[in-house]
Amino acid sequence: MAFETILVEQKGAVTLITLNRPQSLNALNSQVLGELIEAFAAFEADASQRCAVLTGSGEKAFAAGADIKEMADKPAADFYNEDFFSKWTSHIVKTTRKPWIAAVNGFALGGGCELAMMADFIIASENAKFGQPEIKLGVAPGMGGSQRLTRAVGKAKSMDMCLTGRMMDATEAERSGLVSRVVPLADLLGEALKAAETIAAMPPMAAVANKEMVNAAFETTLDQGLLFERRVFQVLTASEDKAEGMKAFIEKRPGVFKGR
Ligand code: CAA
């Protein structure tokens with residue numbers, strides 16, 4: 001697959017996707033959207049690939065938002081009629097069952113913050129900065145920021161970020177629960193790939209199940225979520241990987257998993 005705005009590499013069982021428009025701080029335009037959707041679909045379809053990492057090229061930005069230059073002169077009717085951003089908010093998240101990590105290097109603003117929040121978790125570099133500055137442009141988040149940021153950090157911080165348009169640094173982001181770890185910039189990709197390799201070595205069906213269970217916590221009541229968790233747990237006990245995982249533990253050796 002030939003892409004112009006992203007780079008895709010396979011590193012063993014891990015797919016590394018890099019947003020590659022450093023001259024625009026990896027701003028997200030329609031071409032990036034189309035290519036990302038294709039790259040995630042290929043990752044999902046390839047049985048040899050078990051976890052993905054999404055990062056930005058250069059040291060300055062993961063992505064500085066949706067491409068303002070593309071949106072500046074677009075008529076409102078086009079935004080409405082195209083249901084602009086609907087693919088971003090639903091497509092990748094809903095069609096990617098396998099786990100993926102955002103490795104945020106530098107700015108993750110507007111759509112960049114929203115794209116990072118679509119990942120299963122975020123690892124940030126020390127220079128990372130998160131924000132929803134759309135208000136300064138006369139608009140508001142459009143790719144899930146008002147919803148995912150609020151679920152991640154709570155109403156007070158989310159309101160503060162959306163209404164003032166201020167940025168949150170990596171320390172505050174970790175303290176607020178937006179990111180799972182903060183590492184020096186030089187170690188970011190290595191740490192993210194290491195985490196992805198760890199996940200890739202897990203029983204694949206259990207990895208998908210764990211992801212779906214945690215996500216269910218945001219979509220269901222506690223009772224429904226607990227029932228879903230128990231049922232999925234019970235189903236997993238029928239898998240060959242469960243038999244292998246438990247046998248390997250008892251025999252004090254690493255498990256060899258097949259995704260069955
Ligand atoms: N869209 C298009 N181009 C962008 C961009 C964006 N979101 N962000 C940066 N760029 C471009 C700049 O225009 C500039 O290009 P030129 O050299 O051709 O002028 C280049 O990237 C470098 O940017 P700066 O010179 O501005 O770099 P800086 O270090 O001075 O500032 C920054 C960095 C604070 C991130 C600043 O670029 C900035 O504020 N960017 C916009 C952030 C933003 O408002 N994001 C939200 C977009 S709207 C959105 O995302 C809607 C949604 O919810 C989905």
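This briefing walks through the two sheets, the ligand shell and a few individual residues of the structure above. The model is a predicted one. One open sheet has six strands, and another open sheet has four. A ligand is also present, with 24 residues surrounding it.

**The six-stranded sheet**

- Reading across this open sheet, the strand order is β1-β2-β3-β5-β7-β10, and the pairing is mixed.
- At the edges you will find β1 (6-11) and β10 (181-183), each of which pairs on one side only.
- On average, and ignoring direction, neighbouring strands here are turned by 20° against each other.
- Strands β2 (residues 14-19) and β3 (residues 51-56) run parallel and are joined by six bridges. To find this pairing in the viewer, look for Thr-15, which stands opposite Ala-52 in β3.
- Helix α1 (residues 30-45) lies across β1, β2, β3 and β5 (100-104). The angle between α1 and β2 is about 175°.

**Strand β7 and its partners**

- Is β7 (residues 121-125) largely enclosed or largely open? Four of its five residues are buried, so the strand is largely enclosed by the rest of the structure.
- With β5, strand β7 pairs in the parallel sense over four bridges. Val-104 has Ala-124 in β7 as its bridge partner.
- With β10, strand β7 also pairs in the parallel sense, over three bridges. Here Ser-125 is matched with Val-183 in β10.

**The four-stranded sheet**

- This second open sheet follows the order β4-β6-β8-β9, again with mixed pairing.
- Strands β4 and β9 (167-169) stand at the edges with a single partner strand each, so one side of each has no neighbour in the sheet.
- From one strand to the next, the twist averages 20°.
- Two bridges connect β4 with β6 (residues 107-109), and these two strands run parallel. Ala-63 is a handy marker for this pair, as it stands opposite Ala-108 in β6.
- Lying across β4, β6 and β8 (129-131) is helix α5 (residues 111-118), which runs at about 95° to β6.

**Around the ligand**

- Of the 24 residues that surround the ligand, the closest are Lys-60, Ala-66, Gly-111, Glu-114 and Glu-134.
- Lys-60 places a polar side-chain atom 2.6 Å from an oxygen atom of the ligand.
- Ala-66 takes part through its backbone, with a polar atom there 2.9 Å from a ligand oxygen.
- Gly-111 also uses its backbone: an N or O atom lies 2.8 Å from an oxygen atom of the ligand.
- On its own the ligand has 990 Å² of accessible area, and the protein covers 66% of it.
- Which elements give two or more residues to the shell around the ligand? They are α2, β6 and α5.
- Among the elements, α2 gives the most to this shell, with three residues.

**Asp-67, in the loop before α2**

- Asp-67 is found in the loop between β4 (61-63) and α2 (68-71).
- Is Asp-67 buried or exposed? Its relative accessibility is 9%, and the cut-off for a buried residue is under 20%, so Asp-67 counts as buried.
- The side chain of Asp-67 makes a polar contact of 3.1 Å with the side chain of Arg-21.
- Setting aside neighbours within four places in sequence, Asp-67 is in contact with Arg-21, Ala-27, Leu-28 and Asn-29.

**Two residues with positive phi**

- Asn-26 is not a glycine, yet its phi is positive, near 55°. This residue is found in the loop between β2 and α1.
- Asn-26 is also buried, with a relative accessible area of 1%.
- Asp-83 likewise has a positive phi although it is not a glycine, with a value of about 50°. You can find Asp-83 in the loop between α3 (76-81) and α4 (86-95).
- At 49% relative accessibility, Asp-83 counts as partly exposed, since exposed means over 50%.

Conventions:
Residues are numbered from 1 along each chain as its sequence is written. This is a predicted model: local features need pLDDT of at least 70, side-chain atom pairs count only at pLDDT 80 or more; totals for chains, interfaces and linings use all residues. Side-chain values use heavy atoms; hydrogens and water are left out. Buried means under 20% relative accessible area, exposed over 50%, partly exposed in between (1.4 Å probe, protein chains only). A polar contact is a pair of N or O atoms within 3.5 Å; within protein, one must be able to donate a hydrogen and the other to accept it, and residues adjacent in sequence count only if both atoms are side-chain atoms. Contact means heavy atoms within 4.5 Å. Two strands pair if DSSP finds at least two bridges between them. Axes are lines fitted to C-alpha atoms, for helices over the stretch in contact, and angles run from 0 to 180 degrees between N-to-C directions. A residue is near a molecule or strand if one of its heavy atoms lies within 4 Å of it. Accessible areas come from the Shrake-Rupley method with a 1.4 Å probe; for residues, only the protein chains shown count as cover.
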